[in-house]
Amino acid sequence: MSSFSHGPFLWYATRAAGLVTLVLLTASMALGILNAGRFRTRRWPRFLVQGLHRNLSLLALAFLALHIGTTVIDTYVSIGLPDALIPFLSPYKRFWLGLGALASDLMIVLAVTSVTRLHLGHRAWRLIHWAGYLCWPVAVMHGLGTGTDHGRAWMVGLTLGCVAAVAGAAAYRAARLLPARRLAR
Amino acid sequence: MSQRLRVNPIMCAGHGMCAELLPELITLDPWGYPIIARGPVPDELTPMASRAAAACPTLALLIVEEEGR
Amino acid sequence: MTLLAPRPVHPGRAQGHLPRLLAGLADGSRAGLHLHEATFGPLPLPAEPASAAARRAASRLIDVVERSGLTGRGGAGFPTGRKLRSVAAGHGPAVVVANGCEGEPASRKDRLLLSRAPHLVLDGVALAAFAVGASQAYVAVHAGEERLAAGLEAAVQAREVAGIDPVPVRIVRVEPRYVASEQTAIVQRINDGPGLPTFTPPRTHERGVGGRPTAVNNVETLAHLALIARYGNSWFRQAGVPSAPGTALVTVSGSVARPGVYEIELGTPAGEVLMIAGGPTERPQAILVGGYFGTWLPAEAAWPAPLSHPGLRSVGAAMGAGIIVALPESSCGLAETARVVRYLADESAGQCGPCAFGLPALADALADLAYHGGRGDAAERISRLIRLIEGRGACRHPDGATQLAGSALAAFGDDARWHGRRGPCHGVQRPPVLPVPGDVEYW
């Protein structure tokens with residue numbers, strides 16, 4: 001057990017889980033933005049975009065749990081569960097790790113409010129869901145600042161790919177701001 | 001107990017997700033807004049009706065429970 | 001609570017049971033509190049409105065209103081007694097709202113009543129508040145009608161000084177939009193929201209102002225209530241017909257010699273009402289009954305049609321808010337309808353897709369038919385749009401427009417075919433008969 005918790009396995013696991021979380025979060029974010037822009041093709045009906053957004057978010061949460069879990073168990077650096085969920089608590093890389101905790105909190109809030117959407121009502125849910133636009137960039141920054149792979153070419157490439165995906169979706173959304181609609185809202 | 005579908009036309013923004021999931025009962029008018037077939041929801045479609053109501057981005061699709069019939 | 005014996009009809013007026021609401025308005029000025037009480041007697045409210053005896057009297061008042069057969073004079077014609085009963089049965093203290101927002105451009109009766117006989121309306125408010133156990137009362141008028149609002153404030157003040165109203169009355173100004181005078185829109189406005197219709201349920205009589213059971217009544221309905229409380233349900237039923245008892249105010253306009261507001265007994269044939277308004281100045285081809293939410297009737301069918309909710313329903317029309325417009329033969333009914341539907345489309349709250357998009361499309365199709373001959377299929381397009389739009393809004397605004405359009409196709413079917421073959425008729429160039437705000441004033 002001790003070599004498990006001291007050795008490099010957990011360190012690799014947490015980095016991997018973190019990267020997968022970031023990719024899943026990016027995909028979910030992009031799909032969410034596309035859905036808000038009413039993206040639709042014959043192969044991609046609305047309910048598919050929405051359903052995929054939802055399922056990838058849940059998968060991202062699962063990998064987030066793995067990412068946090070492996071970090072907490074790893075005794076090489078002492079990061080406890082509170083440090084993972086309360087922003088800027090931990091002295092280790094206080095700022096960058098804090099961003100991670102912030103992103104985690106936001107992901108949990110987004111997930112919980114979405115699961116209870118029917119009880120929350122549309123207006124309250126919508127207000128809270130705007131937090132998604134904060135969550136993703138915070139997660140990206142956490143990845144760049146905390147991780148030990150920053151500077152590596154593949155890491156930079158991956159991050160740029162994520163940013164490009166979300167930027168592309170956002171551009172589509174902005175173009176579809178639907179100025180022709182007359183409904184009063 | 002039977003179910004009926006109802007749209008809150010003020011909340012409805014014409015996303016059309018309901019018509020994708022429940023084409024047997026919901027069609028879209030020329031402007032993208034749902035037209036609900038009259039009458040109660042057939043028993044075999046009630047799970048899809050629930051799914052359609054949950055999928056509505058503005059929660060405008062409502063399932064109304066009614067007595068009898 | 002005792003009911004007073006019937007008052008003698010105002011000296012100088014002779015005919016039957018008229019006038020009732022308009023009694024005491026001979027010289028055209030506003031009836032102050034003094035003249036009001038001299039004409040009708042004091043407000044018949046018990047001295048201690050909160051006592052057990054008073055609560056029983058309140059229930060008896062609702063009985064009397066139910067037995068009188070009074071129905072709403074704002075357009076829907078809902079039985080007033082039943083509405084008061086359901087509000088009184090609601091949870092907690094109730095609210096009374098008098099709807100004086102006369103949104104229909106062709107209607108003038110509510111403004112007449114509010115400016116010339118405000119105390120009759122305010123009596124009705126006080127009595128309705130007593131009947132349902134309300135602790136708040138409002139009178140809603142359109143913003144911009146400052147003289148009207150000022151006159152109302154003065155009347156409320158005079159009553160406060162005299163200590164008449166147990167429930168204080170507040171005047172609420174609602175934006176002068178067509179849809180803002182809808183029942184749920186007024187309630188939302190009073191609740192500090194926008195003056196736009198809301199989705200029901202919950203209905204206003206269950207949860208309205210401040211979430212409380214709210215009775216929203218047209219000001220004319222409340223004026224009738226003020227008289228029923230004094231003279232009783234049998235007295236009320238002496239006028240009108242058994243299926244539609246009492247009198248009503250109607251606004252007559254169009255090609256008649258003396259357009260204006262008249263009080264008639266319900267069930268009076270439309271032709272007779274046109275004669276009361278001085279008779280047609282030109283041979284009428286059709287009558288618009290019920291206002292912009294109403295129906296066109298060809299003149300021959302309209303002339304004998306009894307003006308009441310059941311009477312007009314039997315000929316496929318609707319009473320609405322008592323609006324009668326005579327369309328002369330030289331005008332084009334399709335052009336008039338096209339203009340009105342365009343107005344109704346512009347007045348959409350824009351909250352519901354089928355109305356916000358459907359009504360402009362309907363207006364386009366009607367304009368196409370009226371002014372361009374319709375390219376052969378305009379009537380079908382109009383019918384299809386009517387079926388598409390009907391019943392799919394949160395309020396009845398789109399339904400009013402579709403009803404008007406549908407009745408136009410029926411009443412002016414020959415004209416539609418003529419337009420289709422020969423293009424617009426000469427009538428489209430005539431000055432408009434139906435007033436649309438922004439157009440030339442007709443009064």
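**A walk around helix α2 of chain C**

Select α2 and α5 of chain C to begin: the two helices cross in a left-handed sense. Keep in mind as you click around that this is a predicted model. Two packed helices are described by the angle between their axes and the distance between the axes. For α2(C) and α5(C), the angle is about 115° and the axes sit 8 Å apart.

Now show side chains where the pair touches. From α2(C) come Ala58(C), Leu61(C) and Ile62(C), and they meet Leu127(C), Phe130(C) and Ala131(C) of α5(C). Colour this contact by residue class and you get 6 nonpolar residues, with no polar and no charged ones.

Next, hide α5(C) and keep α2(C), residues 52–68, on its own. How far apart should its ends be? At 1.5 Å a residue, the 17 residues of this helix should span 24 Å, and the end C-alpha atoms are indeed 24 Å apart, so the two agree.

Stay on α2(C) and pick out Ala58(C), Leu61(C), Ile62(C), Val64(C), Val65(C) and Ser68(C), which are buried. Turn the view to look down the helix axis: these buried residues fall within an arc of 155°, so they line one face of α2(C). Over on the other side, select Ala52(C), Ala53(C) and Arg56(C), which are exposed.

What covers the buried residues? Bring back the surroundings in chain C: the cover includes α3 (80–88), α5 (118–132), α8 (219–231), α9 (233–237) and β6 (244–245).

Before leaving, step one residue past the helix. Gly69(C) follows α2(C), and its phi is positive, near 80°.

Jump next to Pro168(C), in the loop that joins α6 (146–162) to β3 (169–174) of chain C. Is this proline buried, exposed or partly exposed? Count 13 other C-beta atoms within 10 Å of Pro168(C); a buried residue needs 20 or more and an exposed one has 12 or fewer, so Pro168(C) is partly exposed. With Pro168(C) still selected, add Gly413(C) and draw a C-alpha to C-alpha distance: the two are 53 Å apart in space and 245 residues apart in sequence.

Last stop: turn on chain B. Here 10 residues of chain C are in contact with 9 residues of chain B. On the chain C side, select helix α14 (residues 353–372), which gives the most to this contact, with 3 residues. Colour that side of chain C by class and you will find 6 nonpolar, 3 polar and 1 charged residues.

Key:
Residues numbered from 1 in each chain as written. Chains lettered and ligands numbered in written order. Predicted model: local features only at pLDDT ≥ 70, side-chain atom pairs only at ≥ 80, totals over all residues. Contact = placed C-beta atoms within 7 Å. Helix = DSSP H or I, 4+ residues; strand = E, 2+ residues; numbered from the N terminus. Nonpolar A, V, L, I, M, F, W, Y, C, P; charged D, E, K, R; others polar. Expected span 1.5 Å × (residues − 1). Arc of directions from axis to C-beta. Axes fitted to C-alpha atoms, helices over the stretch in contact; angles between N-to-C directions. Left-handed = near helix turned anticlockwise from the far one by under 90°.
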